[in-house]
Amino acid sequence: MKIILLGPPGAGKGTQAVMLVEKFGIPQISTGDMLRAAVRDKSPMGLKAKEYMDAGGLVPDEVVVGIVRERLQLDDCANGFILDGFPRTVPQADALKLVLSDLGKDLDAVISLTVDTEALVERLTGRRTCSACGKGFHLSFDPPAEDGSCSACGGELTQRADDQEATIRNRLDVYLAQTAPLEDYYQRAGLLKAVDGMQSMQTVQEAIQAILQDA
Ligand code: ADP
Ligand code: ADP
Ligand code: ZN
């Protein structure tokens, strides 16, 4: 199962990816998570990426393509993978095509999650992540333990620096300008499957699994 989860910030890509990892035992490849880890480690790549991420812009294509190329070569991708947050530009999609053809692999489907703009803002402002185990929450839609800690491990929840309203609006504009054209791109390739992302997390997951059964 080799798939891309496509959709604007807050559409539920990460949430759905975690459920698919559990179901299919294939890895989630989140360029956002990998870039945030590089920023935390203060690696040269992280230092370079941070300014773009803080502003809600995109990190240069060659940086993210390099990360994904290396990641896809690891053994755990042999039976498939879930790309979450990549590709985000047409040049990234073209580069992915080359990387996959070098590896002798083909995509099975591109799942496009659609969600209204105001719902995206609400999802992103309420998003929290456990600093200890990485589990995701939403203050209203998937609330943590009553004392505000992680319900899985008791860890402290944090809010991403770029989940502030001003940065969110910028990220949504960037999505429309740079990433939305990939819907047409993958439609033309016969790979695009749209899923109504306004439904509950569980219903969205069921819709994705139904699509993957036929893919
Ligand atoms: P979200 O899940 O809210 O869409 P991500 O965690 O995927 O956010 O990405 C956070 C930030 O990391 C983006 O705003 C961007 O700066 C950077 N980033 C992640 N993936 C890519 C990518 N494929 N190309 C360029 N920048 C990226
Ligand atoms: P993305 O990875 O696309 O940026 P996330 O999976 O991080 O999106 O989801 C953004 C926020 O919205 C999280 O706080 C998550 O708990 C919440 N969320 C995800 N899917 C749904 C849904 N179907 N309904 C309501 N809230 C959701
Ligand atoms: Zn936790």
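**Exercise 1. The zinc site**

Task: In this predicted model, decide whether C153 is buried, partly exposed or exposed, then describe the site of the zinc ion (ligand 3).

Solution:
- Step 1. Take the relative accessibility of C153, which is 42%. A residue counts as buried under 20% and as exposed over 50%, so C153 is partly exposed at its 42%.
- Step 2. Apply the cut-off to C150. Its relative accessibility is 3%, and because buried means under 20%, C150 counts as buried.
- Step 3. Look for the donors. C130, C133, C150 and C153 each offer the SG atom to the zinc ion (ligand 3), at 2.3 Å.
- Step 4. Place these donors along the chain. They follow the spacing C-x2-C-x16-C-x2-C.
- Step 5. Turn to the geometry. The angles among the four donor atoms run from 101 to 116 degrees. Four donors count as tetrahedral if all angles lie between 85 and 135 degrees, so the site of the zinc ion (ligand 3) is tetrahedral. For orientation, the ideal angle for four tetrahedral donors is 109.5 degrees.

**Exercise 2. The surroundings of ligand 2**

Task: Find which residues come nearest to ligand 2, and work out which element gives the most to its shell.

Solution:
- Step 1. Start with the neighbours. There are 17 residues around ligand 2, and G10, K13, T15, R127 and F137 come nearest.
- Step 2. Go through the polar contacts. A backbone N or O atom of G10 is 2.8 Å from an oxygen atom of ligand 2. For G14, again with a backbone N or O atom, the distance to a ligand 2 oxygen is 2.9 Å. R127 uses its side chain instead: an N or O atom there is 2.6 Å from an oxygen atom of ligand 2.
- Step 3. Ask how much is covered. On its own, ligand 2 has 560 Å² of accessible area, and the protein covers 90% of this.
- Step 4. Assign the shell to secondary structure. Both α1 (13-24) and β6 (136-138) supply at least two residues, and α1 gives the most, with three.
- Step 5. Sort by class. The shell around ligand 2 holds six nonpolar, eight polar and three charged residues.

**Exercise 3. The surroundings of ligand 1**

Task: Do the equivalent job for ligand 1: which residues come nearest, and how much of the ligand does the protein bury?

Solution:
- Step 1. Among the 19 residues around ligand 1, T31, R36, G57, R127 and R171 come nearest. R127 has already appeared in the list for ligand 2.
- Step 2. Check the polar contacts. A polar side-chain atom of R36 lies 2.9 Å from an oxygen atom of ligand 1. G57 brings a backbone N or O atom to 2.6 Å from a ligand 1 oxygen. In the side chain of R88, an N or O atom is 2.9 Å from an oxygen atom of ligand 1.
- Step 3. Taken alone, ligand 1 exposes 550 Å², of which the protein buries 96%.
- Step 4. Helix α2 (residues 31-40) provides the largest share of the shell, four residues.
- Step 5. By class, the shell around ligand 1 divides into seven nonpolar, five polar and seven charged residues.

**Exercise 4. S30 and G7**

Task: Locate S30 and G7 in the fold, and say whether each is buried or exposed.

Solution:
- Step 1. S30 belongs to strand β2 (residues 28-30). With 7% relative accessibility, S30 counts as buried.
- Step 2. A polar atom of the S30 side chain lies 3.0 Å from the backbone nitrogen of D33. S30 and L5 are 25 residues apart in sequence, and their C-alpha atoms are 9.9 Å apart in space.
- Step 3. G7 sits in the loop between β1 (2-6) and α1. Its 8% relative accessibility makes G7 buried.
- Step 4. Between G7 and Q199 there are 14 Å from C-alpha to C-alpha, with a sequence separation of 192 residues.

**Exercise 5. Backbone details**

Task: Which peptide bond is cis, and where is K42, with its positive phi?

Solution:
- Step 1. The cis peptide bond joins F86 and P87, with omega about -5 degrees. P87 lies in the loop between β3 (81-84) and α5 (90-102).
- Step 2. K42 is not a glycine, yet its phi is positive, about 55 degrees. K42 is placed in the loop between α2 and α3 (44-55).
- Step 3. At 62% relative accessibility, K42 counts as exposed.

Note on methods
Residues are numbered from 1 along each chain as its sequence is written. Chains are lettered from A and ligands numbered from 1 in the order in which they are written. This is a predicted model: local features need pLDDT of at least 70, side-chain atom pairs count only at pLDDT 80 or more; totals for chains, interfaces and linings use all residues. Side-chain values use heavy atoms; hydrogens and water are left out. A residue is near a molecule or strand if one of its heavy atoms lies within 4 Å of it. A polar contact is a pair of N or O atoms within 3.5 Å; within protein, one must be able to donate a hydrogen and the other to accept it, and residues adjacent in sequence count only if both atoms are side-chain atoms. Accessible areas come from the Shrake-Rupley method with a 1.4 Å probe; for residues, only the protein chains shown count as cover. Ala, Val, Leu, Ile, Met, Phe, Trp, Tyr, Cys and Pro count as nonpolar, Asp, Glu, Lys and Arg as charged, and the others, Gly among them, as polar. Donors are N, O and S atoms within 2.8 Å of the metal (3.2 Å for Na, K and Ca); water is not among the atoms, so sites may look incomplete. Four donors count as tetrahedral if all angles lie between 85 and 135 degrees; four count as square planar and six as octahedral if opposite donors are over 155 degrees apart and all others between 65 and 115; anything else is irregular. Buried means under 20% relative accessible area, exposed over 50%, partly exposed in between (1.4 Å probe, protein chains only).
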